[in-house]
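Student: I should like a close look at a single part of this model, with its surroundings described in a connected way. Please choose a part of the surface and work outwards from there.

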Amino acid sequence: MIRYLSETGEPLEAIAFGPEELEQGYRALKRARFFDERAITLHRQGRLGVYPPYRGQEAAQVGTALALEPADWLAPSYRETGAALVHGLPMAQIILYWRSHPAGWRFPDGLNILPFYIPIATQLPQAVGLAHAAMLRGTGQIAMTYVGDGGTSEGDFHEALNFAAVFGAPVVFVVQNNGWAISVPTARQMKDPRIAERAAGYGMPGVTVDGNDLVAVWQVAREAAARARAGEGPTLIEALTYRVAPHTTSDDPKRYRSEDEAGQWSGKDPLARMRRYLESQGRWDEEREAGLEDALKGELAEALKTADAAPEPEAWE
C-alpha cells in the first residue's frame with residue numbers, strides 16, 4: 001500500500017507537491033467535509049432528500065479529482081459529491097440534485113461531469129466510452145470514474161476494464177474500498193481482498209493506496225492521469241478507506257457493524273492527518289482555519305439562496 005503521510009501527519013516519503021498545492025489540497029478536503037456535514041443537517045431539516053454521505057472518504061475523492069484537467073470527464077457513482085465539487089460542480093446544483101428538483105438534473109454547460117449514478121457500476125462502461133471517443137478524436141481528454149468495493153462484483157466492472165485495456169482507452173478507474181457494500185463486509189464479497197490485483201488479469205497497472213492519505217492518493221492519481229494522456233492506457237486505483245458515516249441518511253450502520261470499528265477509523269481521519277502535516281511545516285494555523293470556515297459558510301449560504309430561489313416546475317396539463 002502506497003502511503004506518504006503517517007496517520008499522525010508525519011512524512012514517510014519525499015513529497016513532490018509544492019506548499020501552495022498542498023494548501024490547495026487541504027482546502028479542497030475541508031470544503032468537501034464541510035458540505036457533507038451540512039448536507040446531512042439539511043436532510044434532517046427536510047431541506048434535502050435521501051443523501052449518501054462520504055465522511056472519511058474525502059481524500060480518496062479529492063486527491064483523485066485534483067489530478068484532472070478542467071476539460072476531462074468525471075463519471076461518479078452516487079457517493080462522489082466530493083469529487084464533483086473539486087471538478088467544478090456548484091454547491092447550488094448539488095443541493096438541487098439531491099432535492100430531486102428538475103433544475104438540478106442538467107449540469108452547467110461545459111462542465112464535463114456525468115450525473116450521479118444510482119444503479120451500481122453502470123457509469124464504468126460509459127466512462128470508457130467517453131475516454132475512447134476522446135482518444136479517437138484526439139482531444140487529449142481523459143476520463144475518471146469511481147466505484148465502491150461492492151460494485152466491482154458487477155458485470156459492468158469486468159466489461160469496462162476489459163474494453164478499456166484492449167483498446168487502450170485513457171481512463172482511470174478509482175475503487176473506493178471502504179470495507180462495506182452497504183451491509184456486506186469485504187470478506188463476504190471476495191476471496192482476495194486486494195481489488196488492485198485484478199488489474200493484472202486485464203493487462204493494466206493496478207495500485208493500492210492509503211485512501212486517507214491525500215498526498216498519496218493525489219500522487220498516484222497524477223501518475224495514472226499522465227499515463228493515460230501519454231497514450232499508455234487505463235489504470236486501476238484501489239483506495240483503502242472507510243465509510244465512517246451511514247450508507248445513506250436512511251441507513252442505520254449500527255445494525256451491521258460495531259461502533260468500535262468506526263471509532264478506530266475516526267482516528268485515521270484524512271483531514272486531521274493533512275492539517276497536522278501543514279501545521280508542522282508552518283503552512284497552517286487556527287487563523288487560516290477560521291478564515292476558511294467563514295468562507296465556506298458564506299459559500300453555502302449563497303448556494304442555499306440560489307437553490308431555494310429555483311422555480312417549482314409547472315404541472316403538466
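**A nonpolar surface patch and its surroundings**

Tutor: In this predicted model, helix α6 gives the most to the nonpolar patch, with three residues. The patch as a whole is formed on the surface by M135, L136, F163, V166 and F167, which together have about 490 Å² of accessible area. Two helices, α5 (123-137) and α6 (155-167), each supply at least two of these residues. One member, F163, lies in helix α6 and is partly exposed, with a relative accessible area of 34%; that value passes the threshold of over 30% relative accessible area used for patches.

A contrast is offered by V172, which belongs to strand β3 (residues 171-177). V172 is buried, at a relative accessible area of 0%. Beyond its neighbours within four places in sequence, V172 is in contact with I142, A143, M144, T145, A224, A225, T235 and I237. For I237, the C-alpha atom is separated from that of V172 by 7.4 Å, although the two residues are 65 residues apart along the chain.

Two of those contacts, A224 and A225, have numbers that fall within helix α9 (residues 214-229), which packs against helix α2 (residues 58-65) at an angle of about 35°, with the axes 8 Å apart. The crossing of these two helices is right-handed. On the α2 side the meeting residues are A59, A60, V62, G63 and T64, and on the α9 side they are L214, V217, W218 and A221.

Helix α9 also takes part in a salt bridge, since the side chains of E21 and R222 meet at 3.9 Å, N to O. E21 lies in helix α1 (residues 19-44) and R222 in helix α9, so this pair ties together parts that are 201 residues apart in sequence. Both partners count as partly exposed, E21 at 29% relative accessibility and R222 at 31%.

Helix α1 has a further link of this kind: E293 forms a salt bridge with K30, the closest N and O atoms being 3.1 Å apart. This pair links distant parts of the chain, with E293 in helix α12 (residues 286-308) and K30 in helix α1, 263 residues apart. K30 is buried, with a relative accessible area of 15%. Another salt bridge joins E37 and R38, whose closest N and O atoms are 3.7 Å apart. Through shared partners, salt bridges join K30, E37, R38, R275, E279, E286, E289 and E293 into one network. A search of the whole structure finds 23 salt bridges.

Definitions and conventions:
Residues are numbered from 1 along each chain as its sequence is written. This is a predicted model: local features need pLDDT of at least 70, side-chain atom pairs count only at pLDDT 80 or more; totals for chains, interfaces and linings use all residues. Side-chain values use heavy atoms; hydrogens and water are left out. Patches are made of residues with over 30% relative accessible area and no salt bridge: like charges are joined within 9 Å, nonpolar side chains (Val, Leu, Ile, Met, Phe, Trp, Tyr) within 5 Å. Accessible areas come from the Shrake-Rupley method with a 1.4 Å probe; for residues, only the protein chains shown count as cover. A salt bridge is a side-chain nitrogen of Lys or Arg within 4 Å of a carboxyl oxygen of Asp or Glu. Helices (H or I, at least four residues) and strands (E, at least two) are DSSP runs, numbered from the N terminus. Buried means under 20% relative accessible area, exposed over 50%, partly exposed in between (1.4 Å probe, protein chains only). Axes are lines fitted to C-alpha atoms, for helices over the stretch in contact, and angles run from 0 to 180 degrees between N-to-C directions. A crossing is left-handed if the near helix is turned anticlockwise from the far one by less than a right angle, and right-handed if clockwise. Contact means heavy atoms within 4.5 Å.
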